[in-house]
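I opened the notebook to look up how the strands pair and where the buried parts lie. My entries follow in the order in which I looked.

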Amino acid sequence: MAIPIAILDCDLLLHGRGHKTLDRFDLDSVSDNFLLTTFGFPREFILYLVELLREVLCRRTQRSRAISPEVQVLAALGFYTSGSFQTSMGDAIGISQASMSRCVTNVTKALVEKAPEFITFTRDPANREQSIQEFQRVAGVPGVLGVLDCVQVAIKAPNSEDASYVNKKGFHSVGCQLVCDARGLLLSAETHWPGCLKDTEILQRSTVYEALQDTEDGWVLGDCRYPLKKWLMTPVPYPESPAEFRYNLAHTATHEIVDRTFRAIQTRFRCLDSSKGYLQYSPEKSSSILLACCVLHNASLQSGLDAWTLERTDPPEQPETLEQRPEDRDVEAENRRKELILKHFS
């Protein structure tokens, strides 16, 4: 097929017509194993993703370089799952490092636009009840709407050396507050918080905090870093009775789902794995890449892929216990937790 000269990419000029050019990479010409090992996903999901994003990716490139949606998606998946723009990844689909970067930018923006479709706390009553039952089957905690945690993703130091992105461990990061269901499906992912903020500060500023204030028919589980609220059940800080010990064990086993989910996301999307380095972008773009990976996690789970297939087995970090001031006590929440323990763990 003839390609108008106006939309030729520099890769074609650099490599000639014998090289795989940006709009001629053929998904059908490579094996299923090649796609899975190189881009992290099976063929069916990649084709689904291409069709999901085709319109917006075509619109973004129609006035500049004609990089096909297929190549853009593969380039972005290659980066997300490897964390690298190295030549070997570009060679797999025949594009330069500069083109890889453009593709990642385009696909990341497209996925962020799709976030409200794939990550939502709003569920119909049937799905909500099913999720509550799935949580209760884990360890016997009733009424659980989701499990909440906050994680830090390492980024390069901002050009301005903004101290607000230095977390308590001394490295630059963006904070990400996640809520997921019993299957590891994300119900909320807020990825834009400066690393210096405490988990409690992020919670208080989040949309989840506002959305759950008036919830009466269930609760979210948070670990001991969070304040006890009537809609946020935390462990008993100093358990004394057998029932309180049983409740704490059940709470930990259930809350662990959100830790497992993020470990699986980091393992699948190695660009987020701080043990491999850190995101070489501004806080804003790093937050977008993190959210894009969260969208991909949910999209893959909804497409039938296993959420925890690639989960690492690292031991979870033990959180610091929040010391609440007497004036911050929520007596109504304490009574609600006592009632929960008495009814289900005594």
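**Strands first**

I began with strand β1 (residues 144-154), and found that 8 bridges join this strand to β2, the two running antiparallel. The model I am reading is a predicted one, and I keep that in mind throughout. Within this pairing I looked up L148, which stands opposite V179 in β2.

On the β3 side, I noted that 6 bridges join β2 to strand β3 (residues 186-194), again in an antiparallel arrangement, and that C180 stands opposite L186 in β3. Between the strands of the β2 and β3 hairpin there are 5 residues, and there I found G184 with a positive phi near 90 degrees.

**Buried or exposed?**

I then asked how many residues of strand β2 (residues 173-180) are buried. The count is 8 of the 8, so β2 is largely enclosed by the rest of the structure. I checked the directions as well: S173, G175, Q177 and V179 point one way, while V174, C176, L178 and C180 point the other way, and all are buried.

**Cores and helix α11**

The largest nonpolar core has 77 residues, and L111 and L279 are among those with the most contacts inside it. Helix α11 gives the most to this core, with 9 residues. A second, separate core of 15 residues includes V179, L197, L212 and L232.

Last, I looked up S286, which I found in helix α11 (residues 283-302). Its relative accessible area is 0%, so I entered S286 as buried. Setting aside neighbours within four places in sequence, I listed I155, L279 and Y281 as the contacts of S286.

Terms used:
Residues are numbered from 1 along each chain as its sequence is written. This is a predicted model: local features need pLDDT of at least 70, side-chain atom pairs count only at pLDDT 80 or more; totals for chains, interfaces and linings use all residues. Side-chain values use heavy atoms; hydrogens and water are left out. Helices (H or I, at least four residues) and strands (E, at least two) are DSSP runs, numbered from the N terminus. Buried means under 20% relative accessible area, exposed over 50%, partly exposed in between (1.4 Å probe, protein chains only). Contact means heavy atoms within 4.5 Å. A nonpolar core is a set of buried Ala, Val, Leu, Ile, Met, Phe, Trp, Tyr and Cys residues joined through side-chain atoms within 4.5 Å. Two strands pair if DSSP finds at least two bridges between them.
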